[in-house]
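Visitor: I would like a close look at a single strand and its surroundings, followed by the core and the chain contact. Please take me through them step by step.

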Amino acid sequence: MPSNTSFPMTRRQALHSGTFGVGTLALAWILNRDQLLAEPAKPDLERKRFDLALKKPHHAPKAKAMISLFMQGGPSHMDLLDPKSELTKLDGKPFPGQIKYDNAAEASSTVLGSPWKFAKHGQSGIDVSELLPHTAGVIDDICVVRSMHTDVNNHVQSIHALNTGRIVSGHPTLGSWVCYGLGSETQTLPAFVALPDPVSLPVSTTEHWSNGWLPAVYQGTVVRPREPRIPNLDPPPYLKGEPQQKLLKYLEELNRDHLSKRPGELDLEARIASYGLAAQMQTAAKEALDLSQETEAIKNMYGMNEPATADYGARCLIARRLIERGVRFVQVFTSNQFWDNHGSIRTTLPAACKKTDKPAAALVRDLKQRGLLDSTLVMWGGEMGRLPVIQNNAGPAKVGRDHNTYGFTMWFAGGGMKGGHVHGATDEFGHHAIENKVSQHDFHATLLHLFGLDAKKLVYSRNNQELSLLDGHEGRIVKEILR
Amino acid sequence: MHFLTRLALSVMIPLAVVSTAIADDSPQFNTHIRPLFKAYCTECHGESEKPKGGLDLRLRRFVLKGGKGGPSLVVGKPDESLLIEKIRSGEMPPGKKKLTPAEVDLLSKWIATGAKVETDEPATLATGFQIAPEDRQFWAFQPIRRLAVPKVEDHVRTPIDAFLAVKLHDKQMRFSAEADRVTIIRRLTFDLIGLPPTTAEIDAFVADQDSQAYEKLVDRLLASPRYGERWARHWLDVAGYADSEGGSPEDPLRANAWKYRDYVIRAMNKDKPFDQFIREQLAGDELAATPWNLTDPETVEKLTATGFLRMAPDGSGAPGADQKLARNAVVTDTVKIVSSAFLGITVGCAQCHNHRYDPVPQTDFYRLRAFLEPGYDPAAWKPPAARQLSLYTEADRKKAAEIETEAAKIDKDRLAKQQTFIDQTFDKEVAKLPEALREPAKLARKTPEAKRNAEQKKLMQEHPSLNVSAGSLYLYDSKAAAELKKLVEQATEVRKKKPVEEFVRVLTDTPGKLPPTHLHHRGDPDQPKQVVAPGGLTVLDDVLPLPNPQAVPGGSSGRRLALAKWLTDPKHPLTARVIVNRIWMEHFGRGLVGTPGDFGRLGERPTHPELLDWLASEFVSTGWSLKQLHRLILTSVAYRQSSARNAKTDTDPDDRLLGRYPLRRLDAEAVRDASLAVSGKLNLEQFGPPVPVMEDDAGMAVIGKANRDGAGYKLGDESLPTGQESRRSIYVQVRRSKPLVVLDVFDWATIEPNCEARKSSTATPQSLLLLNNEFTLAQAAHFADRVRKEAGTDPRKQVTLAWRLAYGTEPQSIEADKAIAFVASQTNIFESAAPPPPPMKNAAAPTKVKGKGPIEPPPPPPTAAERALTVYCQALLISNRFLYVD
């Protein structure tokens, strides 16, 4: 567990204290926090206190924040970022090897060559599908990992694997672990924010931002996909200012007194902290979510003025604004099974790309032009890829691809990752990762490493057990993709 | 060292004894080795149609025989065994998932110690998915075993305590001391009726000298009509209750769903035996005597109960829905609801393929589905609107027809009179024209509008008063119009005498029709495969086979009745355990099985299996009485103990052993209902159509009756009759797309399609809501009003009463002093502040609305002191002490 000492003031903090007016209420809370920080480290005799005060990482971090663009359903890597000429050759013919179907006795074994063209882009000359023209434009800032695999069979399990390192529900997610390990760089916004799609929650719903058995203070906060994005931000006129400030002070006295007779109740502590945060968010969240402060050029860049990309663009832009203000971990979701192209892949995959390609690329570009990309890790990918063979062989318009967790692609940008780089490879058909494979545990070890955390040392004591994100698995830091 | 010694010894065991069961500690095939093979190997080597490489690892003798590469092992010599070689070299299993070193050691040890199996193996084994004996032996599929209550040296009140104490003692722990009386009445009252105790109730209980005071309290609360409102809600989570259809963005309302809600509340209140409750929900229509006598309340009750099977989200009524997919989704979700509610097994996972962890073949999903398809026939689909069963009787219908005739007569008279009035008026208007125009005008009027010539049109335009019609008559002749209006009212009054036509939402078979249920390849309704007959879980076929359904009088297939009887058979290993576990979960915050909807391999194992079985057995033998079960649990030492933590209880951080009572947050309904109760506004009206929910100007779901045009402009009043906005949360409309924000933020049930267990989060949106939401602010103001009314103007009396109402105890004097100081300082702030601008409040806000009576003058703005007391009351209502129960 990293110790409770603060970083020197970071550029991000400087930015944040400079950009918005710190009201009296906010000041009180910040002072309160600073006082907390100034407390000498106490011996570990009494109950641990869990909060979002800044913690010292294990080593110098590259990344301070992460934005996960989670493509729920499993984007078809061989149609997007992992071209397979062998499949094009064999299109319509029987698959020559063995397929690891989601269910062995089922599905067809007819090869489906990618219906889309690939071309080399950027100085790095990485192959990108015509479905991702905007991503192609920032490919030199992107590290494409073509050898991801979780080897578990279905959406929920693979989502759990990538989020929590385990395949069953109830465990803490990556975002919770990072906030637990590092605390928050903002005390005026939640450290961990989830931005779900207006249509529906992803498969596994709220578990994507669950704290599992970590204390509730590390839970993600949902920002709604439509107005009011955060409800109840405005106090009524008569409470604004001093009356509510005094109310919060009195409330904290009541709650502290209550807690003092119930030491160790982490939920009670978390709620006290949450009132503190709520007080702050009244001004800070409003400011952070106010996209009218952005120029038209920026909005256009994110596709906010086109129907297909308006929502996703807005949420990517919100992600950037949150990161800029010190939020540690932001998840931007697509709707339920958005990329689960079992059928009609010829129409559903282009539609999915259309919604996400431009905003995702804009996010990378925008972070870079603001000097934030170096310290912000952007992740793009889903819980699986697709199979090289046809599913639902009912005519070209209806064909799709089944699940494949044995080899799939994710990309990363910034936060200490190499740009214009390809890591790992799947076999000639895109079925199995075979070269420089990256498991969920390697993925976790690497991401935590970028945050300055040692995945083996980041543990939480529970029931006399030291539990970690790796859960006893060997997680290799994939040094080859680090700058 | 120890291992090596044993290894050396066991190698010497002669092979002849290998296949007989021996109680030694060497690894055994079924117990230790087969699960390893199942996890890593048998998907290819045994469960596929053709085992790869000819190798089948499902039986020991198949392992010995080996595949194309020869025998897979040399008994006694792991290092010479092909199996070990393949594993150690990394060749097998292919892929990332490898055996751990410990597992390889276990396998080697098994070979070294003679590759033993504990029982004789079956002579034959069919290909494909097989349920192995070990799978059958999984705890959840075992018959319920009622063990003797253990004898323990500890303070115990009920057998429950004895079972719990054994495990506590194993860890050198004991129960905590009994909680004090104020704590216990607050805990018990919230638990049983979802509301806080009143101050009078607290005083009476604290003063009760009777040794049975606690038991009396339990009985009083169980007898309260509020009990059913609380516990029905728990069951509605499991049923996935909603007042809207879902399944499409329009999310249309689902009329009359509330009758099922009321059925559940009544069932809980009268302690309907739970087995009967289950049978009615699954097959009430098949239980009711035929032909249905719709004037018989019992028949109607049974029919209403089948509303349970109509709870799944249903997009099949949405315009443009893909009917095949939409219908399939409804039936699939209903199978999921039924299986998770009663079986606690994730049968839903077998929709597309054999269950990966539990012994549930894909066919099981379709076996269950076959029970439903005579009622949910995708080929003869009843759209949502057609599922209403009218409760009109023949007599009602006749009466209604008679009344209609009477009303129609009035209508006819009125139309005739109307024509006369119009003609008279026209004549008067014509008379005003110059003589020359009169005849042409009469002719023009007689000519239908479309056939008038240009001259006639011009005439009528130039003299608009000639265009008298039914709609404009009142402009000419108000007396005539009033007379006609009276007749309209008269007809309406007559029609009101018709018997009210009530409907219930039911699921019934199409009599005499048995649609075949097909297994869907990969769950795809476009790829139907073999026909599957109705059946229970295959894994239980030996323990408790499901008898063939028999058609019931009236022609219903009897399938659902057969399912219901099977589920409620006292020998069913799952149903009673699942129900008892849910009840336990609601009382203690966590089930004895931590995963109430998954008793399978991926679920948690029971913390106290013997206790779970004892309770299940007791529940069944006392006639499936929930109230009896509550009594049993609530009178235990475990339930009555304090929630305080100490060093000892901290060794069990999740409180699985129950060395203390867990501190718990109020759930969504209790947060809202308790605020209303304390503010004095709670309206206890029972039953009936749900209190409507609409979106306010900010897009938040609030209570109110939407009255807006397509662009969102308010067309008129959106208020409800006074008091409706303050009814208990169970009566608030459950609109899937518009969950009431106060409930939603506090982790209301997510019904996709149903809710196994609620979460209890502390997310910041809750704090924002409690600080700023209209609901909290309004309740704080009502609370302050109540306090002023009951305590008068003395500040100490005010803060003390408010404290008592919110927390149930007197404040200590220092607490009261602080509260007085707080109110005083708030008063100062409000006094010195400039008067706030007049409220520009959103008129749609539900708490602002008034009744439909004469317009009331706006109340005078609150004084500084009144405001200050409101803020203090808000602090109490949003404090942890109010939101949590010890």
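Guide: What follows begins with one strand of chain A and then turns to the core, the contact between the chains and the confidence.

This is a predicted model, in which local features need pLDDT of at least 70 and side-chain atom pairs count only at pLDDT 80 or more, while totals for chains, interfaces and linings use all residues. Residues are numbered from 1 along each chain as its sequence is written, and chains are lettered from A and ligands numbered from 1 in the order in which they are written.

Strand β4 of chain A covers residues 142-149, and eight of its eight residues are buried (buried meaning that 20 or more other C-beta atoms, placed from the backbone, lie within 10 Å of a residue's own). Strands here are DSSP runs of E with at least two residues, helices are runs of H or I with at least four, and both are numbered from the N terminus; two strands pair if DSSP finds at least two bridges between them. With β11(A), residues 408-413, β4(A) pairs in the antiparallel sense over five bridges, and there A:V145 stands opposite A:M410. With β12(A), residues 421-423, β4(A) runs parallel and is joined by three bridges; A:V145 stands opposite A:H423 in that strand. A parallel pairing of two bridges also links β4(A) to β15(A), residues 438-439, where A:M148 has A:V438 as its bridge partner.

Turning to the core, the largest nonpolar core has 317 residues, and A:V378 and B:Y872 have the most contacts inside it; such a core is a set of buried Ala, Val, Leu, Ile, Met, Phe, Trp, Tyr and Cys residues joined through C-beta atoms within 7 Å. Its largest share, twelve residues, comes from helix α9 of chain A, residues 266-288. Beyond its neighbours within four places in sequence, A:V378 is in contact with residues including A:I67, A:L363 and A:F412, where contact means C-beta atoms, placed from the backbone, within 7 Å.

The contact between the chains takes 53 residues from chain A and 51 residues from chain B. On the side of chain B that touches chain A, α29(B) gives the most, with eight residues.

As for confidence, chain A averages a pLDDT of 87, with 88% of the residues scoring at least 70, pLDDT being the predictor's confidence in each residue, from 0 to 100. Over residues 1-47 of chain A, however, the pLDDT is below 50. Where pLDDT is low, the predicted coordinates should not be read in detail.

Note on methods. Two residues are in contact if their C-beta atoms, placed from the backbone, lie within 7 Å. A residue is buried if 20 or more other C-beta atoms lie within 10 Å of its own, exposed if 12 or fewer, and partly exposed in between; C-beta atoms are placed from the backbone.
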